[in-house]
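Work through the exercises below with the sequence and the 3D structure at hand. Each task is followed by a solution in steps.

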Amino acid sequence: MEAEVKEIKGQVVSAENPAIVAPADWQPVIVGILCNWCSYAGSDLTGTSRIQYPPNIRIIRVPCSSRVDPWFIIKSLQTSGDGVLISGCHPGDCHYISGNYYARRRFLVTKKLLNFVGYHENRVQFSWVSAAEGPKFAKVVAKVTEDIKKLGPLHKYKKENLK
Amino acid sequence: MDYTKQIQEIASKLFTEGKVDIFIGYRQNAFDDNQVPMLVTSPGDIPNLIFNDKSVLNLTNYLKFEHTRNKRVGIVVKGCDSRALNMILTESQVKRENLYVVGINCTGVLNEKGEKAQNCLECVMPDAVVYDEMIGTPSGKREYAVNVDVKELAAKGLVERGEYFQEIFESCIRCNACRQSCPMCYCSKCCIDQESATIYNGSNTPSSAFHALMTWSLHLAGRCVDCRNCEKACPSHLPLHLLHKQNEMVIYENFQHHLAGMEKDDRGAFYKYNLKDPDDFIM
């Protein structure tokens, strides 16, 4: 059972907490954690081929998608991120042969646990983007940004709330 | 289930034969029916050893401390404890040749109210999987059942669940007793402490509790054996099993019915993979 995303005209309502509303021109911050060998090169290709994609994503480069500890996702949500996008090589294409197979197990458990404690499932998203898929990367970022915009700002368990 | 006599006999035998330096068992506390762990270092303490339905704590936790490191240890383990022991043996935290394991084929322990504990009702392996000596009759592996609390919560809506967990994270006082009492948490430096501003993240705010408990439970995913030492140690009585049982459920359903510590040399679910693992959630 997922919460319905309410829409009030001119405002964004958070799906996790309906009390939180943001102005319509609110821009989310998305933490993008990309693998060095595929997705980072893919995002580079997106840039060099002059494909436009939303500037909301802040990219962090990691050696492999299996370098992503679930801790990184928790920290991203706890600090500045309204959403997280993690991207790596397609299954079978891992530079380290099997890194992304290990990674996807962790991602599934992390995603389900975050959903269990009250985060909408679209807050944390995953994708496989290869070094040749520039247009796909642009599409993925556009979709994630669109999803997070619908969900509204994330105020849950934010460090800034400590005043 | 009262194995006090057998355990005392085994302990005195071990000390007379000089097989162990320390024997870890349970001792009656001065009040209530509360039991505390006891490290027996001399045969004179053996009459204090006890084992019955109230022996709830997981003693394998005491293998990670300085008192027992690199010493010959005798230890009493129930079914769930032996799974934890199996895990830490696989992860090379203790040496098998240093241990003398008294395995107990458990029939379930009681909680504070005197009822059978929830994790015993849902226990998948009541028999000791690692042992040198076995007490009681084995009853065999049982069917896995999804935790009732997890089921109940999962049926609720996202917002309701969020509010429920908000309350939990607000009640956490960040004493780290859950981590200290966990047999699986043996890192000398824990990542949930490593902060440039410790005062900030170590404080008892919901934010820091969310960070700590979520990170902790995800690092235990696929390794947690559901002994509930964390819950017994928690001064705020938080239902910490919810996080672990949720992870366990997801892992059991998606990763070939994996349960931690059931087999020898089986590391956690995150240390292996299958080509058919679900990835329909990945774009």
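**Exercise 1. Chain A as a fold**

What percentage of the 163 residues of chain A count as buried? Then describe the overall build of chain A and state how far the coordinates can be relied on.

Solution. The model is predicted, and the values that follow are computed from it.

Step 1. Of the 163 residues in chain A, 52% are buried.

Step 2. Chain A contains 4 helices and 7 strands. Read from the N terminus, their order is β-β-β-β-α-β-α-β-α-β-α.

Step 3. The radius of gyration of chain A is 16 Å, which agrees with a compact globule, because such a globule of 163 residues would be near 15 Å. Along the principal axes, the C-alpha atoms of the chain fill a box of roughly 45 × 35 × 35 Å.

Step 4. Among contacts in chain A with a separation of 6 or more, 77% join residues 24 or more positions apart.

Step 5. Mean pLDDT for chain A is 87, with 90% of its residues at 70 or more. Confidence is lowest in strand β1 (residues 7–8) of chain A, with a mean of 54, and highest in strand β4 (residues 30–35) of chain A, at 95. Where pLDDT is low, the predicted coordinates should not be read in detail.

**Exercise 2. The domains and core of chain B**

Which domains does the assignment give for chain B? Work out how they touch and which residues lie at the centre of the core contacts.

Solution.

Step 1. The assignment gives domain 1 (4–135) and domain 2 (148–271). The C-alpha centres of these two domains of chain B are 24 Å apart.

Step 2. Domain 1 of chain B puts 20 residues into the contact, and domain 2 of chain B puts in 20 residues. On the domain 1 side, helix α2 (residues 79–90) of chain B supplies the largest share, 8 residues. That side divides into 9 nonpolar, 7 polar and 4 charged residues.

Step 3. The largest nonpolar core has 118 residues; those touching the most other members are I7(B), A11(B), I75(B), V76(B), V77(B), V102(B) and L213(B). Both domain 1 and domain 2 of chain B give at least three residues to this core.

Step 4. Take V76(B) as an example. Beyond four places in sequence, its contacts include I7(B), F51(B), L59(B) and V102(B).

**Exercise 3. The side of chain B that touches chain A**

How many residues of chain B are in contact with chain A? Identify the elements involved.

Solution.

Step 1. Contacts join 35 residues of chain B to 38 residues of chain A.

Step 2. On the chain B side, two or more residues come from each of α5 (158–171), α8 (206–219) and α10 (241–254). The most come from α8(B), with 8 residues.

Step 3. This side of chain B comprises 22 nonpolar, 10 polar and 3 charged residues.

**Exercise 4. Three positions in chain B**

Is P47(B) buried or exposed? Do likewise for two residues with positive phi.

Solution.

Step 1. P47(B) sits in the loop between β2 (35–40) and β3 (49–50) of chain B. It is exposed, because 11 other C-beta atoms lie within 10 Å.

Step 2. R174(B), not a glycine, has a positive phi of about 55°. Its place is the loop between α5 and α6 (177–181) of chain B. With 17 other C-beta atoms within 10 Å, R174(B) is partly exposed.

Step 3. Q256(B), also not a glycine, has a positive phi of about 50°. Q256(B) lies in the segment after α10 of chain B and counts as exposed, with 12 C-beta neighbours inside 10 Å.

Definitions and conventions:
Residues are numbered from 1 along each chain as its sequence is written. Chains are lettered from A and ligands numbered from 1 in the order in which they are written. This is a predicted model: local features need pLDDT of at least 70, side-chain atom pairs count only at pLDDT 80 or more; totals for chains, interfaces and linings use all residues. Two residues are in contact if their C-beta atoms, placed from the backbone, lie within 7 Å. Ala, Val, Leu, Ile, Met, Phe, Trp, Tyr, Cys and Pro count as nonpolar, Asp, Glu, Lys and Arg as charged, and the others, Gly among them, as polar. A nonpolar core is a set of buried Ala, Val, Leu, Ile, Met, Phe, Trp, Tyr and Cys residues joined through C-beta atoms within 7 Å. A residue is buried if 20 or more other C-beta atoms lie within 10 Å of its own, exposed if 12 or fewer, and partly exposed in between; C-beta atoms are placed from the backbone. Domain bounds come from an automatic or database domain assignment. pLDDT is the predictor's confidence in each residue, from 0 to 100. The radius of gyration is taken over C-alpha atoms; the globule rule is 2.2 Å times the number of residues to the power 0.38.
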